[in-house]
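Student: I would like to learn how to read a protein model step by step. Could we begin with a small feature and then work outwards to the whole chain?

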Amino acid sequence: MKLIGALLRSPDPAALRAFLAQFARQTDAVESSYHLRCPGCDLWIEKGTYTPVPEAPEGSYTGLSHLAFRRQSLVEATKWLQTANIPIVQGNHIPFNPKVWGTGMCYVNPDCDFGFGLELCQRLDLPDTDKFMGIDHIGIPVADMAESLAFYKDLGFAVASDVNILRATDGAIIHNVMVEGCGTVLELYEFALPSHKPIQNGAFAALRFLTESAQEAAALQAKGAKFLGPGLWSLTAPGGERLEFFT
């Protein structure tokens with residue numbers, strides 16, 4: 001089984017595609033304004049409305065949250081964002097998550113008005129020669145780390161990094177787990193909060209996978225995957241995120 005892309009929802013797909021194309025370094029109109037080829041994860045955009053996530057403490061809502069694009073240098077990336085007149089949530093500050101991937105990861109969040117989060121990240125575990133500029137990982141806040149980990153391990157993912165982060169800026173405690181599998185990386189993270197709610201009808205609509213054997217398809221059905229049409233099944237993960245499977 002492998003990840004083939006992510007499904008996003010917007011009332012203006014062409015505007016969203018143009019915005020994301022800047023980060024994917026993609027300028028050609030591949031197939032249509034509803035599809036963006038991107039290293040690491042293709043992006044599909046369907047025309048439709050979404051329900052904005054209500055204001056709440058960070059981590060209160062679980063499910064598909066953000067796309068993270070890898071960059072070789074965040075110093076240069078922030079200069080590019082400023083030149084492109086794209087605001088950065090953290091201003092001129094570049095946050096650092098220690099111990100993630102063993103040696104830590106720097107990141108910034110470009111302001112995104114399309115209902116989901118964006119991140120540019122620099123992984124310090126990779127050599128300076130790494131030139132990959134696509135999607136490094138997909139962020140998913142979860143309500144119960146043990147339950148979500150068991151679910152994704154059952155789909156073929158394995159833990160690559162598992163750390164507890166005490167964020168210096170606000171004292172937030174975050175359990176951060178990077179899982180690798182199906183040709184991608186998912187960032188699962190859980191905040192120490194008393195309650196969580198799944199995102200409903202969000203702009204980040206689904207992750208799309210391709211099954212590669214009849215056994216994989218049968219295993220999904222055994223997990224309770226719903227039949228959506230010929231060759232298409234849907235499964236809801238513990239955090240509320242929707243996964244689509246093409247057979």
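Tutor: Let us begin with a hairpin, keeping in mind that this is a predicted model. Strand 15 and strand 16 form a hairpin with two residues between them, and in its turn Gly 231 has a positive phi of about 75°. The two strands run antiparallel and are joined by three bridges, and within this pairing Phe 227 stands opposite Trp 233.

Student: Which residue takes a positive phi in the hairpin of strand 16 and strand 17?

Tutor: That residue is Gly 240, with a phi near 100°, in a hairpin that has five residues between the strands. Strand 16 and strand 17 (residues 242-246) also run antiparallel, here joined by five bridges, and Arg 242 in strand 17 is the bridge partner of Thr 236. Strand 16 itself, residues 232-236, is mostly covered, since four of its five residues are buried.

Student: In what order do the strands of the open sheet lie?

Tutor: A sheet is read from one edge to the other, and this open sheet of seven strands has the order 2-3-1-14-17-16-15, with mixed pairing. Strand 2 (35-36) and strand 15 (226-229) stand at the edges with a single partner strand each, so one side of each is left without a neighbour in the sheet. As an example of the parallel sense, strand 1 (residues 2-10) pairs with strand 3 (residues 42-47) over six bridges, and there Leu 7 stands opposite Trp 44.

Student: What covers the buried residues of helix 1?

Tutor: For a helix, one may look first at its length and then at what packs against it. Helix 1 has 12 residues and reaches 16 Å from its first C-alpha to its last, close to the 16 Å expected at 1.5 Å a residue. Its buried residues are Pro 13, Leu 16, Arg 17, Phe 19, Leu 20, Ala 21, Phe 23 and Ala 24, and their cover includes strand 1, strand 2, strand 3, strand 5 (66-70), helix 2 (74-83) and strand 8 (117-123).

Student: How many residues does the largest nonpolar core have?

Tutor: In soluble globular proteins, nonpolar side chains tend to be buried together. Here the largest nonpolar core has 56 residues, and those with the most contacts inside it are Leu 67, Phe 116, Ile 138, Tyr 152 and Leu 207. Helix 1 (residues 13-24) supplies the largest share of this core, six residues. Apart from this core lies another, of 13 residues, among them Met 105, Ile 165, Tyr 189 and Phe 191.

Student: Is Leu 120 buried or exposed?

Tutor: Leu 120, which lies in strand 8, has 0% relative accessibility and therefore counts as buried. Leaving aside neighbours within four places in sequence, its contacts include Phe 23, Phe 69, Leu 74, Cys 106 and Pro 110. The C-alpha atoms of Leu 120 and Gln 72 are separated by 9.8 Å, although these residues are 48 residues apart along the chain.

Student: How many helices and strands does the chain have?

Tutor: The secondary structure comes to four helices and 17 strands. The radius of gyration is 18 Å, close to the 18 Å that the globule rule gives for 247 residues, so the chain is as compact as a globular protein of that length. Of the 247 residues, 49% count as buried, and the chain exposes about 11,500 Å², of which carbon and sulfur atoms supply 54%.

Methods:
Residues are numbered from 1 along each chain as its sequence is written. This is a predicted model: local features need pLDDT of at least 70, side-chain atom pairs count only at pLDDT 80 or more; totals for chains, interfaces and linings use all residues. Side-chain values use heavy atoms; hydrogens and water are left out. Two strands pair if DSSP finds at least two bridges between them. Buried means under 20% relative accessible area, exposed over 50%, partly exposed in between (1.4 Å probe, protein chains only). A nonpolar core is a set of buried Ala, Val, Leu, Ile, Met, Phe, Trp, Tyr and Cys residues joined through side-chain atoms within 4.5 Å. The expected span of a helix is 1.5 Å times one less than its number of residues. Contact means heavy atoms within 4.5 Å. The radius of gyration is taken over C-alpha atoms; the globule rule is 2.2 Å times the number of residues to the power 0.38. Accessible areas come from the Shrake-Rupley method with a 1.4 Å probe; for residues, only the protein chains shown count as cover.
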